[in-house]
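Please open the model in your viewer and keep the sequence panel beside it. We will go from one selection to the next, with a short note on what to look for at each stop.

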Amino acid sequence: MKIKLLSFCLSTLLCSAIPLIGYATPITTTNKATTAALDAIAPYLSTTALQKLNWQPVNTNDTQTITLNATSQQLNEGDIQGPIAAFALPANRGSLDIALSSLVKDKQVYVPNVLVFDQELRPAAFYPSSYFPYERPGVMSTDRLEGTLKLTPALGQQQIYVLVYTTRTDLQKSTQMIDPAKAYAQGVGNAVPAIPDPVAHHTQTGTLKLKVRSEQNAGNITIGQVFSTPAQQPTIVGPTQTTVTPSTPQKVKPVLSDTERYFSDAIKKEISKGNIDKALKLLDEAERLGSSTARETFINSIKNKG
């Protein structure tokens, strides 16, 4: 058991050693979606522009349908164009599981991109349009673009913010759907008819469906900062490494000896209790602050446990 625990923790440490910009592989239906993510870049939006938006409050365990049209909020900055949706979500009720769908209607669809901000409107996560692949219709659902955001607000926050928008680049493209007859034949195991599949054109208008629920799930993207730390770039959720702009490297000053001792004692205490997840979070925070001993303390504590 001791060897298994050490192996798990060391593998977790290796994963946590990657740069602050993280990447998760989304479920995509075509190679085109994967290729498109290669060019995904998180846009820069000024705090002034964000503060002018009307952020619609959404509760946990709530489902909302939003129609985007000419009367909706507009945002035209850089590649962002047209109607947008802006949501304020509670950040003090645990982790959030957010399912976002954009419904296809009359062979037209709004292609969502998502930026997530912490309580201070600092960008924390970026989901490009390739994260929302086409999903074929089901018994209770229609053709749609769909993706799920798993977020964990840092302690001490009251709200986080989710911005949904489309881009000029997305508007120049289209989405290949599947003909209903083909979908039915595949579903029941019949011969698939040789008929062309319809195409959905990308538009500035459409219908979004947002479903939010709270959950207890490790591995979510943390939104916001537990301690006062240097500014960091938003996590990009996509299959490949991409560039986030603007990028301003910041040096992390070595932490004070009292701070080193605080994290060292806290890590040892949590490991002795078997709270490996809490110890890992302490390790991550310590290293963000510039600790040079926290990782060694963590590994030695794991080795000595048991």
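Start with the whole chain on display: of the contacts in the protein chain with a separation of 6 or more, 76% are between residues 24 or more positions apart. What you are looking at is a predicted model. The protein chain holds eight helices and 15 strands, and buried residues make up 43% of its 306 residues.

**Colour by confidence**

Now colour the chain by pLDDT. The mean for the protein chain is 78, and 74% of the residues reach 70 or more. Where is confidence lowest, and where is it highest? Select residues 31-36 for the low end: this is helix α2, with a mean of 43. Then select residues 108-109, strand β5, for the high end at 98. Widen the first selection to residues 2-38, and you have a stretch where the pLDDT is below 50, although the model gives this stretch 56 contacts beyond near neighbours in sequence. Another stretch to mark is residues 239-252, where pLDDT stays under 50 and the model has 37 contacts beyond four places in sequence.

**A sheet of three strands**

Go back to β5 and add β12 and β11 to the selection. These three strands form an open sheet in the order β5-β12-β11, and the pairing is mixed. β5 and β11 stand at the edges with a single partner strand each, so one side of each has no neighbour in the sheet.

Which way do the strands run in each pair? β5 and β12 run parallel and are joined by two bridges. β11, residues 174-176, runs antiparallel to β12, with three bridges between them. To see both pairings from one residue, click on H201 in β12: Q108 stands opposite H201, and S174 stands opposite H201 as well.

While you are there, show the side chains of residues 199-202. In a regular strand the side chains alternate between the two faces of the sheet. For strand β12, A200 and H202 make up the covered face, while V199 and H201 make up the uncovered one.

**Salt bridges**

Next, show the charged side chains. Side chains of opposite charge can pair when their charged atoms come close. The count of salt bridges comes to five, and here are some to visit.

Select D97 and K150, whose side chains meet in a salt bridge at 2.6 Å, N to O. This pair links distant parts of the chain: D97 sits in strand β4 (residues 95-103) and K150 in strand β9, 53 residues apart. Is each partner buried or exposed? D97 counts as buried because its relative accessibility is 7%, whereas K150 is partly exposed, with a relative accessible area of 33%.

Keep D97 selected and add R213. Their side chains also meet in a salt bridge, at 3.8 Å, N to O. Again the pair links distant parts of the chain, with R213 in strand β13 (residues 206-215) and D97 in strand β4, 116 residues apart. R213 has 38% relative accessibility, so this residue counts as partly exposed.

For another pair, select D118 and R122, whose side chains form a salt bridge at 2.8 Å, N to O. D118 is buried, at 3% relative accessibility, and R122 is partly exposed, with a relative accessible area of 35%. Unite D97, K150 and R213 in one selection too: salt bridges that share partners join these residues into one network.

**An acid without a salt bridge**

Finish at D143, in the loop between β8 (134-135) and β9 (144-153). How far away is the nearest side chain of opposite charge? That side chain belongs to R144 and is 7.0 Å away; D143 is buried yet has no salt bridge. A salt bridge needs the nitrogen within 4 Å of a carboxyl oxygen, so a gap of 7.0 Å does not qualify.

What does the side chain of D143 meet in a polar contact? Add Y134, and you will find a polar contact of 2.4 Å between the two side chains. To see the wider surroundings, show the residues that D143 touches beyond four places in sequence, among them L103, V104, P137, M177 and I178.

Definitions and conventions
Residues are numbered from 1 along each chain as its sequence is written. This is a predicted model: local features need pLDDT of at least 70, side-chain atom pairs count only at pLDDT 80 or more; totals for chains, interfaces and linings use all residues. Side-chain values use heavy atoms; hydrogens and water are left out. Helices (H or I, at least four residues) and strands (E, at least two) are DSSP runs, numbered from the N terminus. Buried means under 20% relative accessible area, exposed over 50%, partly exposed in between (1.4 Å probe, protein chains only). Lys and Arg count as positive and Asp and Glu as negative; His and the chain ends are not counted. A polar contact is a pair of N or O atoms within 3.5 Å; within protein, one must be able to donate a hydrogen and the other to accept it, and residues adjacent in sequence count only if both atoms are side-chain atoms. Contact means heavy atoms within 4.5 Å. pLDDT is the predictor's confidence in each residue, from 0 to 100. Two strands pair if DSSP finds at least two bridges between them.
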